[in-house]
Amino acid sequence: MDSIVVRGNGPLSGQIPIAGAKNACLALMPATLLSDEPLTLTNAPRLSDIRTMTELLASLGAEVTALQDGKVLAASCHGEINPVADYEIVRKMRASNLVLGPLLARMGHAVVSLPGGCAIGARPMDIHVDALSALGAEIELKDGYLHAKARGGLRGATHEMRFASVGATENFLMAASLAKGTSVLKNAAREPEIVDLARCLRAMGAQIEGDGTSEIVIEGVERLHGATHPVVADRIELGTYMLAPAICGGEVECLGGRIDLIEAFCEKLDAAGVSVEQTHTGVKVSRKNGRIRAVDVVTEPFPGFPTDLQAQMMALLTTAEGTSVLEEKIFENRFMHAPELTRMGANIEVHGGHATVHGVETLKGAPVMATDLRASVSLILAGLAAEGETVVSRVYHLDRGYERVEEKLKAVGAHIERVKAS
Ligand SMILES: CC(=O)N[C@H]1[C@@H](OP(=O)(O)OP(=O)(O)OC[C@H]2O[C@@H](n3ccc(=O)[nH]c3=O)[C@H](O)[C@@H]2O)O[C@H](CO)[C@@H](O)[C@@H]1O
Ligand SMILES: C=C(OP(=O)(O)O)C(=O)O
């Protein structure tokens with residue numbers, strides 16, 4: 001297994017290009033199941049999760065071809081469809097559950113393995129099941145698989161979710177786009193990835209209004225056609241790289257970044273003493289004078305502070321002046337980076353969903369282990385702040401969500417190398 005070696009760094013300077021969003025692209029790719037015409041996604045990120053979704057779609061009968069070095073995905077699904085999403089592929093990635101809505105809408109039936117839990121928490125599907133059942137699907141759990149049927153096809157309906165689940169909103173949007181009649185989803189998720197999916201579905205001929213608000217109205221259509229859609233910028237990759245100059249000092253512009261995608265995060269950076277500016281080409285970040293100040297953070301659905309940036313923010317706060325409290329409200333086990341940061345000299349106490357971080361003057365490099373995707377990158381960021389060398393092992397998690405992380409950070413002056421497994 002590869003590892004990443006990071007050395008404590010002085011100020012960074014330069015530009016980092018931000019890729020298309022993993023979490024948007026993983027919802028856009030299954031939309032190809034809704035049409036027999038081609039769907040082309042531009043600005044796709046080059047990640048192992050995208051290859052896993054390609055493999056899953058291929059197992060269902062769709063074809064996804066990576067063009068232009070993987071930045072363009074040409075997807076089509078015009079032949080016979082296999083409605084069974086197998087455990088062996090689904091278990092690799094939570095987003096595999098996003099084929100349920102499209103398969104049901106196109107085929108009238110689907111058999112999709114439950115994703116199972118993962119390191120950061122359980123991955124239940126009850127909100128997805130309730131939302132699709134409201135559209136007339138009959139769904140039962142047998143042998144670890146959801147067996148879904150829509151006798152006579154899906155019918156539009158009004159449904160209110162008990163929690164604004166991102167994945168369930170995506171499954172509902174795709175299914176309701178081909179249902180008969182009007183659907184209204186209340187307490188819908190408002191994340192930018194939902195807006196991006198709705199834009200793509202509209203380009204395919206769907207009639208959707210209200211995306212980006214908590215009430216989405218979908219007028220079902222008979223069929224969807226092909227389209228070309230650019231994947232929205234990755235707000236989590238953006239936030240991650242914004243933290244590099246915040247930690248090391250200097251000034252970095254994240255090209256293609258948009259503050260409106262992560263306002264709650266930018267407000268916390270400002271309070272911590274980091275300056276953030278929207279330019280014509282991206283987001284420019286520099287560290288104001290003096291030490292980073294402690295801030296409290298609560299993760300929440302959009303437009304709140306994203307759970308996917310909590311680990312990276314904790315890395316920044318380990319060396320802040322004062323005590324910060326981070327509350328994780330989305331996933332029950334998302335503080336696995338805390339003990340690893342402690343190995344580097346951080347002072348962190350975890351009690352249930354709260355982590356209290358007492359800022360220390362400096363961190364010290366250490367061998368650490370990446371336990372999940374965002375935890376991995378938080379350890380790299382901490383390594384940039386530490387004295388000496390940090391070796392982050394198990395970086396396969398990192399490759400699920402960050403393309404060419406070492407190249408991007410090196411280009412702004414970071415001391416970082418990948419050591420290939422022999
Ligand atoms: C609200 C939120 O921040 N969602 C994040 C979640 O999306 P993802 O779609 O994976 O998760 P959801 O938004 O559905 O779930 C968030 C919460 O709802 C619970 N739940 C979910 C579905 C369900 O049927 N029943 C149920 O109880 C989950 O256990 C979790 O506690 O992970 C993605 C990858 O990290 C992030 O990009 C999303 O921003
Ligand atoms: C947790 C993440 O993804 P997944 O749900 O696929 O593990 C993430 O993107 O931070």
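In this predicted model, helix 8 and helix 12 cross with a right-handed sense. Helix 8 comprises residues 235-248 and helix 12 residues 373-385, and their axes come within 9 Å of each other, crossing at roughly 20°. Because angles under 35 degrees count as roughly parallel, helix 8 is roughly parallel to helix 12. On the side of helix 8, the contact is made by Thr240, Leu243, Ala244, Ile247 and Cys248, while helix 12 contributes Val377, Leu381, Leu384 and Ala385. By class, this contact of helix 8 with helix 12 has 8 nonpolar residues and 1 polar residue, with no charged residues.

A second helix pair is formed by helix 4, which spans residues 100-107, and helix 6, and the axes of these two helices come within 7 Å and cross at roughly 15°. Helix 4 and helix 6 are therefore roughly parallel to each other, and their crossing is right-handed. The residues of helix 4 that make the contact are Leu100, Gly101, Pro102, Leu104 and Ala105, and those of helix 6 are Asn171, Phe172, Met174, Ala175 and Ser177. The contact of helix 4 with helix 6 divides into 7 nonpolar and 3 polar residues, and no charged residue takes part.

Helix 6, which runs over residues 166-177, also takes part in the surroundings of ligand 1, since helix 6 and helix 5 (126-134) each supply at least two residues of the shell around this ligand. There are 21 residues around ligand 1, of which Pro124, Ile127, Ser165, Val166 and Gly167 come nearest. By class, the shell around ligand 1 is made up of 11 nonpolar, 6 polar and 4 charged residues. At least three residues of this shell are drawn from domain 1 (3-19 + 233-419), and at least three from domain 2 (22-230).

The surroundings of ligand 2 were examined in the same way. The residues around ligand 2 are Asn23, Met93, Arg94, Ala95, Cys118, Ile120, Asp308, Leu373, Arg374 and Gly401. This shell has 5 nonpolar, 2 polar and 3 charged residues. Among its members, Leu373 and Arg374 fall within the 373-385 stretch of helix 12. Both domain 1 (3-19 + 233-419) and domain 2 (22-230) give residues to the shell around ligand 2, so this ligand lies between the two domains.

Technical notes:
Residues numbered from 1 in each chain as written. Chains lettered and ligands numbered in written order. Predicted model: local features only at pLDDT ≥ 70, side-chain atom pairs only at ≥ 80, totals over all residues. Near = placed C-beta within 6 Å. Nonpolar A, V, L, I, M, F, W, Y, C, P; charged D, E, K, R; others polar. Domains from an automatic or database assignment. Axes fitted to C-alpha atoms, helices over the stretch in contact; angles between N-to-C directions. Helix = DSSP H or I, 4+ residues; strand = E, 2+ residues; numbered from the N terminus. Parallel < 35°, antiparallel > 145°, perpendicular 65-115°, else oblique. Left-handed = near helix turned anticlockwise from the far one by under 90°. Contact = placed C-beta atoms within 7 Å.
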